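The exercises below concern helix packing and chain interfaces. Each task is followed by a solution in steps.

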Amino acid sequence: MAILDVRNLSVDYLAGECALHAVEGVSFRLEQGRSLGLVGESGCGKTTVMMALLRLLPQEGRIVDGQVVFDGRDLLQMTEAEMRRVRWCEMSMVFQGAMNALNPVRTVESQIVEVLLLHDAVDRPRAARRRAGELLEMVGIPAQRGRQYPHQYSGGMRQRAVIAMALACNPRVLIADEPTTALDVMIQAQILELLERLQAELNLSLIVVTHDLGMVAELCDDVLVMYGGMIAEYASGDELFNMPQHPYTRRLLEAFPDVEAPGSTLASIPGNPPRLDALPPGCRFEPRCDFEGRTAACGQEAPLPVEVSPGHLVACHWARRNL
Amino acid sequence: MEALKKYLRKPMGVVGAVMLFLIVFVAVFAPWLAPYDPNVRVEVEPDDILAPPDAEYLLGRDDAGKDVLSQLIYGARVSLIVGFTASFMSMFIGTTVGLVAGYFGGRIGTLLMRVVDFLMVIPDLPLMLVIIAVMGRGLWNIILVIGLLGWTYTARLVRSQVLSIKERQFVLRARSLGASSARIILRHVFPQVMPLVIAQAVLDISVAILAESSLAFLGLGDPTLISWGMMLNFAFERALSRQAWWFLLPPGFAIVWVSLALVLIGNTLDEIVNPRLRTHHLFDPRRMVALVAGAPRVETPAEE
Amino acid sequence: METQPILEVSDLHKHFPLARGVWGTLTRMPCRTVRAVDGVSFCVEQREILALVGESGSGKTTVGMNVLGLQQPTQGHVCFDGVDVAEWVHGRGVSVESNAQLSGVSRRRRVMILRERAQMIFQDPYESLNPRQKIFDIVAEPLEIHRLTASREEKAERVRLALETCGLAPADHFWSRFPAELSGGQRQRVAIAGALVLEPRLLVADEPVSMLDVSIRAEILNLLHTLRRERGITILYTTHDLATAGFFTDRMAVMYLGRIVELGPTAAVLSEPRHPYTRALISVIPAPNPRRRRKRQILQGEIPNAIDIPPGCRFHPRCPMAVEACRVSDPPLREVAPGHRVACHLA
């Protein structure tokens, strides 16, 4: 059974009189111990989906439809008190930029200890400190450096510390939002390796939210490509990278630089992602799509995801016709 | 436009603006609104001295038999002129000093900030008293003294902002385009600090009005003009013993009214333009983390 | 015919002294310095795109600032168009006085000529554009500073041309907006247009795509590539990402802790890296396909700070292949193949 089963999730943002559809009909499943990559450009709704999972949407955000079944329970039906026990203890998140949000005037250890005590993961401060040391060692920081302050850490170490904090209460699902953005390549690789190791050691289910296809190719079993708040393509990593069906996925892959096959120019995707207040009536990607198989239907009706092969969903009229 | 809309959504700000508008209106149209001209000497009967309010003299009369309401109306002029002029002056000096000290730094910056420190540690009111006593009690002397002593906070505020703005990339970009220091300061740095300066200047107006009232109350106001502070001074000296509350309360109330209006406006502007007070919880990861951690309270870090 | 390189950097050093603090001053502690750039030499030919690759802390941005004369070298020279940039910006010097265009003009005018010829594009398009200026004013500002246009119409025409060259067409659709109304990629285009209106000969692009989504990076890189092809602009491209550098640069210099450790034609460096650091950098580039997952050769730790630089080869504490010689002597940059130079004892 899947640990996390998201069905038809839709989120609106209220802006004055009107509701903006930030996310529409997103579904995915995550098995225990597997990893999912959520890929898309900025503003495609990927962070909104994660915030909705944890029920942490800003005031203007409303979950208008769907279910989030975590371990057999629908998170959207829970009371706020129950939800608080799920967050961090069962499903935890490393926020984008959280590494720059550590409290500058307290030691890293004491910040981890606070999390442990708040969530009753341990009952005595001494045990909490021991556990904090273990957590730091686990992410590759010597335990005695826990007594240092965040500014004495490098960027990579702060990111490790934030991951340690997210793992404090042994969650089963870890969501990492752009965990390597703004880090150097070598540090990115270190964090990638760390996530890989932690996932194997702790049998974690991992969701990586990123715009970097390379990271997803390295780390994830399944990939969900989002565009304009909707699913574009959802498949196993192997299928998605070798048999992409959606024109958007293809363009994304072509735009990705590959050192092993350097050419003189890179393909790019002309135009911009749609704005939430001016979504196209049909397929969200239609205005930027230059695929030869497109038809008039693309501009009128949003395609629903269809299964082109087992476990491979594509939301494209062309793929539907070629079933 | 965006800022105006934001402003209108804050009830406190709107109340302040209405209150200030009323006072400005009264000050501008004083000759038409005031039932009597307080500068005209009147023949008085013994009964008229400190006569209580009646239908003809709504706020009663003072110890010279003049109408208190008319004095109050004319007094608004003095208060507002002093407030606006002095605060404009301190805004100008403070912004210039802050921009120069922040942008150029180095020895000039250190020197300017030492001057600021020096002025800041001297208690304002006694210093003003001494200067006015020496220079004389003219309206312009009062404005000058208040303006020249009130710019220090603005200078500090501007300097601290400039220090961070000048490290931003668009300033470096302007430099790499070959822009002169003057151009960078006027085109790139000043527009970023201007909203803060204006918010601060509005708050300064109320400080200046209070300072003028204090001076006048202590007997160092311009003797040729009626101001609220001066009225308080007279009332305190001559009317209090005879329980003529109608002479004492109105100027005090007017001062509170105007200061309150300006503080409401100033704080609202500050709320809109001050980057430290403007966050959204989605964009403030620190609060976000605290939220998820289930922390009962959100800590404000000590640096802020 | 051998042409003179447009940019020649020789033995460039840039050190920043650290403040000593009260205690340090009292005890007369020696003043410590950050050696951000510590002996860098390279040259860039006309119309060439050179990538300066390195992690943060390697000194690549400092090199860019020195090239543009925005900082003064502690030691060494930067020659642009045959003139020493430090002399160009500051006092007089032999190279300035012997130059027909520069001798006898005021200092301010000289700096203007330099700024006109060499421009910079910054890393963060959210930061490098003044949020209170409209797009038109941002792009027109260089023209105003340099008093290059006579009439409003001419100015508008040049701004339009620059914006449309950078793919923001039609220009009047964009120029009355503020930067906040544009996407990251569009803002970076505006920044490039702002540099282009002056028609510079050298463009220093400081990580121009690292803040952008991967899908938008290609557009910006292609734009830079087109500018070189159509206008013959020389580009110094600094980045920490070997993958994007591999796509459109001619040569590549890999920097580590203030030094160049490998320099050569891009294809040669990527296919036959000689320095262990370069090899490690290449091995961690993610392949866009799970079937091609490689053995990553991850260097532990991070770039040390540039205050306490290790003796011997500065890479040896993290080098997987270090031998005794590396701990003792500092390897010079030597040629291992035509145009391919490496600073490693083992190469």
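**Exercise 1.** Are H8(B) and H10(B) roughly parallel or roughly antiparallel to each other?

Solution. The model is predicted, so local features need pLDDT of at least 70 and side-chain atom pairs count only at pLDDT 80 or more, while totals for chains, interfaces and linings use all residues. Residues are numbered from 1 along each chain as its sequence is written, chains are lettered from A and ligands numbered from 1 in the order in which they are written, and side-chain values use heavy atoms, with hydrogens and water left out.

Step 1. Locate the helices, which are DSSP runs of H or I with at least four residues, numbered from the N terminus. H10(B) covers residues 181–217 of chain B, and H8(B) covers residues 152–165.

Step 2. Take the angle between the axes, which are lines fitted to C-alpha atoms over the stretch in contact, with angles running from 0 to 180 degrees between N-to-C directions. For H8(B) and H10(B) the angle is about 155°, and the axes are 10 Å apart.

Step 3. Apply the classes: under 35 degrees is roughly parallel, over 145 roughly antiparallel, 65 to 115 roughly perpendicular, and the rest oblique. H8(B) and H10(B) are therefore roughly antiparallel.

Step 4. Add the handedness: a crossing is left-handed if the near helix is turned anticlockwise from the far one by less than a right angle, and right-handed if clockwise. H8(B) and H10(B) cross in the right-handed sense.

Step 5. List residues in contact (heavy atoms within 4.5 Å). Among them are B:Leu157 and B:Val158 in H8(B), and B:Val193 and B:Leu196 in H10(B). The contact has nine nonpolar, five polar and one charged residues. Here Ala, Val, Leu, Ile, Met, Phe, Trp, Tyr, Cys and Pro count as nonpolar, Asp, Glu, Lys and Arg as charged, and the others, Gly among them, as polar.

**Exercise 2.** Classify the crossing of H5(B) and H8(B).

Solution.

Step 1. The axis of H5(B), residues 106–121, comes within 9 Å of that of H8(B), and the two cross at roughly 140°.

Step 2. The pair is therefore oblique, and the crossing is left-handed.

Step 3. H5(B) contributes residues including B:Met113 and B:Asp117, and H8(B) residues including B:Arg156 and B:Arg159. By class, six are nonpolar, one is polar and three are charged.

**Exercise 3.** Repeat the classification for H4(B) and H12(B).

Solution.

Step 1. H4(B) spans residues 68–104 and H12(B) residues 245–273; their axes lie 11 Å apart at an angle of about 30°.

Step 2. These helices are therefore roughly parallel, with a right-handed crossing.

Step 3. B:Leu72 is one of the H4(B) residues in this contact, and B:Trp246 one of those from H12(B). Nine residues are nonpolar, one is polar and none is charged.

**Exercise 4.** Describe the interfaces that chain C forms with chain B and with chain A.

Solution.

Step 1. In the first interface, 17 residues of chain B touch 24 of chain C. The buried area (accessible area, 1.4 Å probe, lost by two parts on being put together, summed over both) is about 2000 Å², with 48% from carbon and sulfur atoms.

Step 2. Four salt bridges (a side-chain nitrogen of Lys or Arg within 4 Å of a carboxyl oxygen of Asp or Glu) link chains B and C. One of them joins C:Glu144 and B:Arg187 at 3.5 Å.

Step 3. In the second interface, 45 residues of chain C contact 48 of chain A, burying about 4100 Å², 53% of it from carbon and sulfur atoms.

Step 4. Chains C and A also share four salt bridges, including C:Arg296 with A:Glu196 at 2.7 Å.
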